[in-house]
Structures are given as C-alpha cells and as structure tokens.
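Me: I'm new to this model and would like a close look at just one part of it. Could you pick a part, take me through it slowly, and explain the terms as they come up?

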Amino acid sequence: MNEKFLADLRTSALGVEAVINQVVLGQSEVVRQCLIAIVSRGHVLLEGDVGVGKTTLLRAFARALGGGFSRIEGSIDMTPADLVYHTYIDSNGRPKVENGPLLAHGKELSVFFFNEINRARPQVQALLLRAMTENRINAFNTDHELPYMIAFADRNRVEKGETFELAAATRDRFMMEITVSIPQDPKERRALLFDTAFHDVDSLISKIVPASLPFASLPQASAQIQDAVRASDAISDYAVNLMDATHRPAQFGIKLEDVDNSDLIDAGASPRGMSLLLRAARTRAFLQERDYLT
C-alpha cells in the first residue's frame with residue numbers, strides 16, 4: 001500500500017466534495033454518497049423530482065474527474081443502437097455515422113448519465129447493464145474498453161405511462177440508490193430561487209478545478225483502499241447475519257402479525273449486493289481517516 005498516494009487522494013476527494021457542496025446546494029449527504037460510489041467504482045441509481053440538480057451534480061463530478069461526460073435521455077422509441085452510434089445526413093446530403101454517447105469519449109469516459117432509464121425498453125437497459133458489468137461494449141465488430149466509466153441512471157417516478165420499471169436483477173447491479181430531494185433548509189431554498197449564481201450552471205461548474213480527482217488513478221486507489229481497511233470478526237459476522245436475515249427472517253426473530261412470515265421476502269440480498277455494501281463501507285471509513293469498519 002502506498003500511504004502517501006492514498007493520503008493525497010483523500011485530500012483531493014474531500015476538497016472536491018467541499019467545492020461541489022458549494023455548487024449543488026443542500027445536498028451534502030448526496031454528494032458524499034456519490035463520492036463514495038465513484039471512489040468505490042460502483043454505479044448509482046438516482047431518484048428525485050425534475051430540476052433538483054442531478055445533472056449539475058454529475059457534470060460537477062465529471063469535471064473534477066477530468067474524464068468525459070455523456071448523457072442520454074430515455075424514451076420509448078429508443079433502441080440499443082442509440083447508445084452506440086447515431087446517423088444523420090451531412091451538408092452534402094450524404095449519410096454519416098458517428099459514435100453515440102457510450103463511445104463518444106472512448107476510454108476517457110468517466111461519467112455516463114442515463115436520464116429516465118425506465119422510459120427505455122428492457123433491451124436498451126440490458127445493453128447498459130452489460131457495459132456496466134464488463135467495462136466494455138462491442139460495436140462495429142470491435143470491443144471498446146470503458147475502464148473508468150461510472151454509470152448513473154435516473155428513474156422518472158412521477159409519470160408512469162410508457163415506462164419500463166427496472167427488474168430486481170437490474171437494480172442489483174447498482175451499488176447505491178440515492179434520493180435527491182429539494183433542500184430542507186429555508187435559507188438554501190431561498191438561495192436556489194433568488195441567488196442568480198445558481199441560475200448559471202456553466203459558471204457554477206467552472207468553479208471546480210478540472211481533473212482535481214484524476215479518474216485514471218481511481219481503479220488503483222479503490223483496490224488499495226479495499227485492502228487497507230480491515231473488518232473485525234464481529235463486523236464480518238454481522239454482515240453475514242444481515243445477508244442471511246434477508247433470506248430467513250424468522251430465524252432472526254423478525255415477524256409481522258397477520259402475515260405468513262415464510263413468504264415475507266421474495267428474494268434476499270445477493271452476495272454481490274453485500275460485497276458492494278462492504279466496498280462502500282470501506283471507502284467511507286477511508287474518507288473518515290479510519291483503517292477499520294464500524
């Protein structure tokens with residue numbers, strides 16, 4: 001383990017967090033959770049109403065990482081190909097094919113935002129999931145590596161017409177589901193409405209030093225963090241019991257009146273889900289300058 005490397009990374013990460021909290025007001029816990037996911041190399045499913053700052057948040061992180069940022073809007077008529085390429089007629093009347101949002105930045109893609117993913121059909125969702133899992137995508141008979149991509153997806157939870165909800169197996173690929181809400185502090189809400197600084201997103205994003213948390217260093221850093229933060233026997237037992245309790249709740253004294261407790265849960269936590277939880281816990285410990293889990 002390179003202790004100086006990790007110490008410098010922690011300083012950079014906390015510095016980025018502080019600046020983003022000035023850009024995206026009243027979302028400190030959301031910012032911390034997104035930071036944990038990014039450093040842990042985990043994907044995120046966002047929940048929240050329209051206009052609460054999700055795109056601004058992700059653009060801010062993309063600028064801090066220094067890699068490419070791509071965004072696509074889900075729609076019922078999307079096809080998987082829309083993620084890979086798009087076609088158009090150029091000024092000479094000739095058809096042209098260009099890389100779509102997943103390929104536009106090549107290996108430099110660091111943040112991919114799929115807005116309203118539940119408006120896209122399952123076939124489109126499946127292609128994104130494959131890219132998330134394999135860190136590559138096949139297009140034009142070529143494998144394209146996406147070694148640094150973190151995917152963020154947002155679900156429209158208000159309008160349910162012509163939507164395709166994510167299956168449980170799909171949601172299991174995301175490290176976190178994070179709710180982005182309107183700030184509760186009246187002063188922060190007033191600032192968002194009346195302080196014109198928050199009306200110019202490009203100006204806000206420019207406050208962030210580009211590549212202050214370099215995306216190319218994060219896979220190595222994440223691996224070192226996971227090795228450096230230890231778990232006691234008690235914590236290990238707790239994690240195993242927590243997973244088991246989601247499969248056999250009655251054995252852990254979990255009962256509900258007037259309910260057949262043998263059918264209380266359709267499917268418990270997966271080993272992958274628990275391992276993602278522990279990855280996130282180790283990263284939180286690292287950011288709090290601990291080398292152990294609590």
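Reply: Happy to! Let's begin with a term that will come up later: a helix crossing is left-handed if the near helix is turned anticlockwise from the far one by less than a right angle, and right-handed if clockwise. What you see is a predicted model, in which local features need pLDDT of at least 70, side-chain atom pairs count only at pLDDT 80 or more, and totals for chains, interfaces and linings use all residues. Residues are numbered from 1 along each chain as its sequence is written, and side-chain values use heavy atoms, with hydrogens and water left out. Labels such as β5 or α2 are counted from the N terminus and stand for DSSP runs: helices are H or I runs of at least four residues, strands are E runs of at least two.

The part I have picked is a sheet, together with two helices that lie on it. In general, the strands of a sheet pair through backbone hydrogen bonds, either parallel or antiparallel. Here, two strands are said to pair if DSSP finds at least two bridges between them. This sheet is open, has five strands in the order β2-β5-β8-β1-β9, and its pairing is parallel. Strands β2 and β9 (176-180) stand at the edges with a single partner strand each, so one side of each has no neighbour in the sheet. From one strand to the next, the twist averages 20 degrees.

Now let's walk along the sheet, starting at β2. Strand β2 (residues 68-73) joins β5 (residues 109-115) in the parallel sense, and the pair has six bridges. One residue pair to look for is arginine 71, whose bridge partner in β5 is phenylalanine 113. Strand β5 also pairs in the parallel sense with β8 (residues 150-155), over four bridges. Here valine 111 has isoleucine 150 of β8 as its bridge partner.

How well covered is strand β5? Seven of its seven residues are buried, where buried means under 20% relative accessible area, exposed over 50%, and partly exposed in between (1.4 Å probe, protein chains only). Serine 110 is a good residue to zoom in on, as it is found in strand β5. Serine 110 counts as buried because its relative accessible area is 1%. Leaving aside neighbours within four places in sequence, serine 110 is in contact (heavy atoms within 4.5 Å) with Ala62, Leu65, Gly67, Gly68, Tyr148, Met149, Ile150 and Phe215.

On we go to β1. Strand β1 (residues 44-48) pairs with β8 in the parallel sense, again through bridges, and these number four. Glutamate 47 is found opposite arginine 155 of β8. Helix α2 (residues 28-40) packs on the sheet, where it touches β1, β8 and β9, and its direction makes about 155 degrees with that of β9. Angles like this one run from 0 to 180 degrees between N-to-C directions, and axes are lines fitted to C-alpha atoms, for helices over the stretch in contact.

The second helix of our part is α3 (residues 54-65). Helix α3 lies across β1, β2, β5, β8 and β9 and runs at about 170 degrees to β5.

How do the two helices meet each other? Helices α2 and α3 pack at an angle of about 45 degrees, and their axes are 12 Å apart. The two helices are therefore oblique to each other: angles under 35 degrees count as roughly parallel, over 145 as roughly antiparallel, 65 to 115 as roughly perpendicular and the rest as oblique. This is also where our opening term comes in, since α2 passes α3 in a right-handed crossing. From α2, Val30, Val31, Cys34, Leu35 and Ile38 meet Leu57, Phe61 and Leu65 of α3. Sorted by class, this contact of α2 with α3 has eight nonpolar, no polar and no charged residues. In that sorting, Ala, Val, Leu, Ile, Met, Phe, Trp, Tyr, Cys and Pro count as nonpolar, Asp, Glu, Lys and Arg as charged, and the others, Gly among them, as polar.

To put the picture together, look once more at the strand order β2-β5-β8-β1-β9, with α2 touching β1, β8 and β9 and α3 lying across β1, β2, β5, β8 and β9.
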